[in-house]
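Me: Please take a close look at the disulfides of this protein. I would like a connected account of where they sit and what surrounds them.

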Amino acid sequence: QLQLVESGGGLVQPGGSLRLSCAASGFTLNYYSIGWFRQAPGKEREGVSCISSTDGSTYYADSVKGRFTISRDNAKNTVYLQMTNLKPEDTATYYCAADRVRFRRCRLFETDYGSWGQGTQVTVSS
């Protein structure tokens, strides 16, 4: 079995920062592209960012460009999402997911991903 576990969420004021972690077990994370998605109550889940297993290339949704940074630590089998200048509209449950296919350049389509974590809550409020 493979498992992804998110952590690092919490309550932060607007303009603050959080670092989310996505830790993998049961498989080698760097073989797979990893995506971060988020979902607010009553809204569809949307793609936030992803990092490719092939060349490490990254992709960001327009709403988070310049504020969020995705990175990978192969030694820890973990992918991070560093979030800065957080806004109230960033409030959501954040999920990480692994691509269904190894060694594929990532994109932010939910159907590309087959293994999902349980999510971590991010609340941006004063």
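Reply:

**Disulfides and their surroundings**

The count comes to two disulfides in this predicted model. With bonded cysteines counted along the chain, their pattern is 1-3, 2-4.

One disulfide joins Cys22 to Cys96, with an S to S distance of 2.1 Å. The pair links distant parts of the chain, since Cys22 belongs to strand β3 and Cys96 to strand β9, 74 residues apart. The torsion about the S-S bond of Cys22 and Cys96 is about 75°, so this disulfide is right-handed. Cys22 is buried because its relative accessibility is 0%, and Cys96 likewise counts as buried at 0%.

The contacts of Ser115 include Cys96, along with Leu2, Leu4, Ala97 and Ala98, when residues up to four places away in sequence are not counted. Ser115 is found in strand β10, residues 113–116; its relative accessibility of 17% falls under the 20% limit, so Ser115 is buried.

The other disulfide joins Cys50 to Cys106, with S to S at 2.0 Å. Cys50 lies in strand β5 and Cys106 in the loop between β9 and β10, so the bond ties together parts 56 residues apart in sequence. Its torsion is about 75°, so the disulfide of Cys50 and Cys106 is right-handed. Cys50 is buried at 0% relative accessibility, and Cys106 is buried at 10%.

As for the nonpolar cores, the largest has 29 residues, and those with the most contacts inside it are Trp36, Leu81, Met83 and Tyr94. Strands β3, β5 and β9 are among those that each supply at least two residues of this core. A second, separate core of six residues includes Cys106, together with Phe37, Ala97 and Leu108.

Note on methods. Residues numbered from 1 in each chain as written. Predicted model: local features only at pLDDT ≥ 70, side-chain atom pairs only at ≥ 80, totals over all residues. Heavy atoms only, no water. Helix = DSSP H or I, 4+ residues; strand = E, 2+ residues; numbered from the N terminus. Buried < 20%, exposed > 50% of the residue type's maximum accessible area, 1.4 Å probe, protein only. Contact = heavy atoms within 4.5 Å. Core = buried A, V, L, I, M, F, W, Y, C linked by side-chain atoms within 4.5 Å. Disulfide = S-S within 2.5 Å.
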